[in-house]
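Let's walk through this structure together, one region at a time. Keep the 3D view open as you read.

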Amino acid sequence: MMDRSGIVGNRLLAMLPPADFGLLSPYLQKISLEQDAGLMRTGDRIEQIYFPHSGAISFMLDMTNGQTVATAVVGHDGAVGILSVLGPARSSVTAVVRVAGTASQIPASRFLAAFRQSSAIREAVQAHTRALLVQFQHGAACNALHPVESRAARWLLHIHDLIDRDDLPLTQESLSQLLGVRRTTVTQVIQKLRADGVVRSERRGLIEIDRPRLEKAACECYEIMRDKTEHIMHESTEAPNDDAPVRAAPDAAG
Ligand SMILES: [Zn+2]
């Protein structure tokens with residue numbers, strides 16, 4: 001059991017009125033997310049949904065030849081496995097912890113039951129889905145149109161937003177998987193970013209960044225994606241909610 005004060009770390013859970021959060025709280029279990037742990041694999045049935053409080057998790061698309069590329073990164077702003085409410089499909093991605101942290105997990109079946117009962121939970125899922133679509137769609141355009149240094153800068157900025165420390169615990173192997181490029185390319189990218197003062201140092205799996213310079217090095221995609229996502233989240237927190245906040249069983253007839 002968790003009280004509400006224990007979950008303000010996750011933005012989606014924090015959006016929920018107390019009564020709606022109460023549908024989930026008996027089943028939420030706090031866990032730690034270990035770096036490089038796989039939360040789900042492509043083809044797995046989604047058994048658990050994770051609401052991170054800290055850390056960063058990437059959604060990876062695995063190609064048949066062993067190559068991988070990231071399609072999205074989520075942290076305290078989102079969830080992993082939440083699209084399981086769309087239907088009993090198996091996971092289309094592998095979710096890997098890139099930066100260690102903590103999360104609340106809930107069995108997918110419990111979450112689905114609450115989702116059916118609560119319009120506030122449905123709105124939170126809708127907001128998160130829209131935010132993910134921004135990452136998928138804009139990310140596809142960025143991957144096709146923008147150079148690898150700019151894309152690397154975009155991922156570093158995104159992860160910096162989630163963990164809020166200037167030395168990002170990312171290995172070159174991790175960056176190579178996120179970007180879908182070879183290790184040798186990552187080495188060249190880091191050398192270029194270091195020469196430009198964007199990366200201050202890179203050793204023992206820690207990449208120390210200069211945030212203002214990193215923003216200049218990234219393509220416009222970072223800012224566009226961040227602004228669109230913020231807009232979506234504000235819209236849903238400010239949306240007029242015709243349910244009384246303490247109504248016990250909203251939408252029982254729906
Ligand atoms: Zn771009």
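A residue is called buried here when its relative accessible area is under 20%, exposed when that area is over 50%, and partly exposed in between. Please also keep in mind that this is a predicted model.

With that cut-off in hand, begin at His-138, which sits in helix α4, the stretch of residues 119–145. Its relative accessible area is 17%, so His-138 is buried. Who surrounds this side chain? Setting aside the neighbours within four places in sequence, His-138 is in contact with Leu-133, Cys-221, Ile-224, Met-225 and Lys-228. Two of these partners are worth a visit of their own.

Take Leu-133 to start with, which also belongs to helix α4. Leu-133 has 41% relative accessibility and therefore counts as partly exposed. It also brings us to another part of the chain: the C-alpha atoms of Leu-133 and Ala-72 are 9.2 Å apart, although their positions lie 61 residues apart in sequence numbering.

The other partner, Cys-221, leads to the metal site. Which atoms hold the zinc ion? Cys-142 and His-146 contribute SG and ND1, while Cys-219 and Cys-221 each contribute SG, at 2.1 to 2.3 Å. Along the chain, these donors follow the spacing C-x3-H-x72-C-x1-C. The angles that the four donor atoms subtend around the zinc ion run from 96 to 119°, so the arrangement is tetrahedral. For reference, the ideal angle for four tetrahedral donors is 109.5 degrees. Two of the cysteines can be placed by their accessibility as well: Cys-219 is buried because its relative accessibility is 11%, and Cys-221 is buried too, with a relative accessible area of 2%.

From the zinc ion, move on to the helices. Two packed helices are described by the angle between their axes and the distance between the axes. Look for helix α5, residues 148–163, and follow how it packs with α7: their axes are 10 Å apart, at an angle of about 80°. That angle makes α5 roughly perpendicular to α7. On the α5 side the contact is made by Val-148, Glu-149, Ala-152 and Leu-156, and on the α7 side by Thr-185, Val-189, Lys-192 and Leu-193. Sorted by class, the contact of α5 with α7 has five nonpolar residues, one polar residue and two charged ones.

Helix α7, residues 183–195, has another helix to meet, namely α6, residues 172–179; their axes come within 9 Å and cross at roughly 105°. Here again the description is roughly perpendicular, this time for α6 against α7. In this pairing, Gln-172, Glu-173, Leu-175 and Ser-176 of α6 meet Arg-183, Val-186, Thr-187 and Ile-190 of α7. The classes in the contact of α6 with α7 are three nonpolar, three polar and two charged residues.

Stay with α6 for a moment. Is this helix mostly covered or mostly open? It is mostly covered, with six of its eight residues buried. The buried residues in α6 are Gln-172, Ser-174, Leu-175, Ser-176, Leu-178 and Leu-179. Just after α6 comes Gly-180, whose phi is positive, near 70°.

That glycine is a good prompt for a look at backbone angles elsewhere. Most residues other than glycine have a negative phi. Which residues depart from this pattern? One of them is Asp-36, with a positive phi near 75°. Asp-36 is found in the loop between β1 (29–33) and β2 (38–40), and at 53% relative accessibility it counts as exposed. Arg-204 likewise has a positive phi, near 45°. This arginine lies in the loop between β9 (199–203) and β10 (206–209), and Arg-204 is exposed, with a relative accessible area of 75%.

A last stop is Asp-62, found in strand β4, residues 56–62. With a relative accessible area of 39%, Asp-62 is partly exposed. Leaving out its neighbours within four places in sequence, Asp-62 is in contact with Thr-42, Gln-67, Thr-68 and Thr-94. Arg-41 offers one more reference point: the C-alpha atoms of Asp-62 and Arg-41 are separated by 9.4 Å, and the two residues are 21 residues apart along the chain.

Methods:
Residues are numbered from 1 along each chain as its sequence is written. Side-chain values use heavy atoms; hydrogens and water are left out. Axes are lines fitted to C-alpha atoms, for helices over the stretch in contact, and angles run from 0 to 180 degrees between N-to-C directions. Helices (H or I, at least four residues) and strands (E, at least two) are DSSP runs, numbered from the N terminus. Angles under 35 degrees count as roughly parallel, over 145 as roughly antiparallel, 65 to 115 as roughly perpendicular and the rest as oblique. Contact means heavy atoms within 4.5 Å. Ala, Val, Leu, Ile, Met, Phe, Trp, Tyr, Cys and Pro count as nonpolar, Asp, Glu, Lys and Arg as charged, and the others, Gly among them, as polar. Donors are N, O and S atoms within 2.8 Å of the metal (3.2 Å for Na, K and Ca); water is not among the atoms, so sites may look incomplete. Four donors count as tetrahedral if all angles lie between 85 and 135 degrees; four count as square planar and six as octahedral if opposite donors are over 155 degrees apart and all others between 65 and 115; anything else is irregular. Buried means under 20% relative accessible area, exposed over 50%, partly exposed in between (1.4 Å probe, protein chains only).
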